[in-house]
There are 2 protein chains.
Amino acid sequence: MASFPVTPRTLITRLPKRGEYDRDAIYQILDEGFICHVGFTVDSQPYVIPTAYARVGDALYLHGSPASRMLRNTAQGVSVSVAVTLVDGLVLARSAFHHSINYRSVVVLGTAEVISDEQEKMEALRAFTEHLIPGRWHDVRPPHQLELAATLVLRLPLNEASAKIRTGPPLDDEADYDLPVWAGVLPLRLTSDAPLADPKMRSELEVPKYVTAYSRKK
Amino acid sequence: MASFPVTPRTLITRLPKRGEYDRDAIYQILDEGFICHVGFTVDSQPYVIPTAYARVGDALYLHGSPASRMLRNTAQGVSVSVAVTLVDGLVLARSAFHHSINYRSVVVLGTAEVISDEQEKMEALRAFTEHLIPGRWHDVRPPHQLELAATLVLRLPLNEASAKIRTGPPLDDEADYDLPVWAGVLPLRLTSDAPLADPKMRSELEVPKYVTAYSRKK
């Protein structure tokens with residue numbers, strides 16, 4: 001299926017031209033990001049909690065300690081919403097009113113299920129590491145039995161999702177274009193600084209290339 | 001009040017040593033960020049939507065079109081949760097299990113109210129612009145009456161909030177420190193690239209210093 005169905009719950013009602021339902025476009029946003037915000041409701045109180053994630057095929061995986069309130073609740077099969085937002089720039093218009101932000105965001109709605117199959121669980125843990133730092137899994141000590149048991153892994157099928165995207169320069173009111181106000185876009189992106197070796201390293205080891213050349217862009 | 005009260009809803013149960021309730025520490029995170037994720041519930045379905053915000057004193061302000069589903073619902077005085085997350089680095093451990101992310105996040109719980117007082121509304125609009133780009137308000141055309149009327153402004157009092165913070169190198173299992181695996185932190189931060197002038201600029205204007213020297217750090 002090339003596009004997500006537009007449901008009353010995912011229909012972009014505000015600025016519909018910014019809406020995007022194409023699966024490839026949505027997956028590209030999910031693959032560039034690595035922090036999502038999970039929303040769930042307990043006793044009528046919504047909670048929004050940031051966490052890491054990975055996408056494998058048509059599902060998002062979440063993981064963590066079984067003691068986590070977010071995972072404990074989400075594991076009970078309640079409805080959740082997961083948002084991933086990438087910020088691309090500040091949009092400076094001539095009027096305060098038309099200031100904006102260039103961004104790409106995805107909102108997923110659905111119900112998560114606990115992964116108990118050990119092989120799928122291990123595959124998901126591999127995906128978390130590889131999603132965060134592609135190339136890393138090969139180098140690290142893989143999870144042993146106790147660690148696997150101490151990790152709750154949830155699978156959220158990607159059935160209902162939409163993206164919202166803003167790009168490009170400001171859009172001012174016609175009369176405002178004559179104002180002597182600098183207008184444009186200040187591009188923003190997540191960059192890495194020089195890696196900091198763990199002071200507890202016991203031998204001199206070269207910094208891996210996947211660290212020095214790290215980038216979220218594919 | 002120097003600290004937020006620890007309530008059963010904001011108590012950090014998972015890794016409590018990462019919990020932070022100090023008001024200054026929480027406000028510093030809120031002031032460095034500019035995108036929040038708002039969670040609200042409609043017909044038992046939680047939604048998480050990204051939006052801009054500003055802090056003024058002991059309140060967060062949200063704004064947008066009255067047509068926005070997020071604002072329409074939040075304006076009805078329902079319980080909301082607002083999360084702000086800053087990502088500071090990837091934490092590369094020797095084991096897959098101990099990989100982590102350095103971050104500072106704030107979660108606010110509460111109920112928002114619509115601002116109808118015109119002066120407070122104008123002050124909030126000023127705060128949005130100044131929170132996004134300090135120094136900008138002075139240069140732009142301020143909102144006129146129709147724009148003010150077309151903007152829904154919500155105030156969320158900061159009564160119940162907590163932060164969670166992870167810093168520093170990886171923490172590996174003792175036996176793993178002997179493994180010949182590079183470990184450490186890859187610092188991440190939001191940086192700006194060269195500003196892109198609006199192609200529709202009608203005169204040559206210098207790029208303001210608050211654009212060229214833009215930084216979220218205070």
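How many helices and strands does the secondary structure of chain A come to? In this predicted model, the secondary structure of chain A comprises 5 helices and 12 strands. Taken along the principal axes, the C-alpha atoms of chain A fill a box of roughly 65 × 50 × 35 Å. Of the 218 residues in chain A, 37% are buried, and among the contacts of chain A with a separation of 6 or more, 71% are accounted for by residues 24 or more positions apart.

The loop between β2 (35–42) and β3 (45–52) of chain A contains A:D43, and A:S44 lies in that loop between β2 and β3 as well. Although A:D43 is not a glycine, its phi is positive, at about 50°; A:S44, which is likewise not a glycine, has a positive phi of about 70°. A:D43 counts as exposed because it has 6 C-beta neighbours inside 10 Å, where the limit for an exposed residue is 12 or fewer. A:S44 is also exposed, since 9 other C-beta atoms lie within 10 Å.

In chain B, an open sheet of 4 strands follows the order β4-β5-β9-β8, and its pairing is antiparallel. The edges of this sheet are occupied by β4 (54–56) and β8 (113–114) of chain B, each of which has a single partner strand, so that one side of each is left without a neighbour in the sheet. At the β8 edge, 2 bridges join β8(B) to strand β9 (residues 152–157) of chain B, and these strands run antiparallel. Within this part of the sheet, B:E113 stands opposite B:R155 in β9(B). Helix α3 (residues 118–132) of chain B lies across β4, β5 (59–64) and β9 of chain B, and the helix runs at about 125° to β4(B).

The loop between β8 and α3 of chain B holds B:I115. This residue is buried, because 21 other C-beta atoms lie within 10 Å of B:I115 and a residue with 20 or more is classed as buried. When neighbours within four places in sequence are left aside, B:I115 is in contact with B:E120, B:K121 and B:A124, and also with B:V153, B:L154 and B:R155. Of these partners, B:R155 is the residue of β9(B) that stands opposite B:E113. B:I115 and B:G33, by comparison, are 82 residues apart in sequence and 23 Å apart in space, C-alpha to C-alpha.

The contact between the two chains takes 85 residues from chain A and 85 residues from chain B. On the side of chain A that touches chain B, at least two residues each are supplied by β2, β3, β6 (79–92), β7 (100–111), α3 (118–132), β11 (184–192) and β12 (196–197) of chain A. The residues on this side of chain A divide into 50 nonpolar, 19 polar and 16 charged. Strand pairing also extends from one chain to the other, as 2 bridges join β12(A) to strand β11 (residues 184–192) of chain B, with the strands running antiparallel. In this pairing, A:L196 stands opposite B:V185 in β11(B).

Note on methods
Residues are numbered from 1 along each chain as its sequence is written. Chains are lettered from A and ligands numbered from 1 in the order in which they are written. This is a predicted model: local features need pLDDT of at least 70, side-chain atom pairs count only at pLDDT 80 or more; totals for chains, interfaces and linings use all residues. Two strands pair if DSSP finds at least two bridges between them. Two residues are in contact if their C-beta atoms, placed from the backbone, lie within 7 Å. Axes are lines fitted to C-alpha atoms, for helices over the stretch in contact, and angles run from 0 to 180 degrees between N-to-C directions. Ala, Val, Leu, Ile, Met, Phe, Trp, Tyr, Cys and Pro count as nonpolar, Asp, Glu, Lys and Arg as charged, and the others, Gly among them, as polar.
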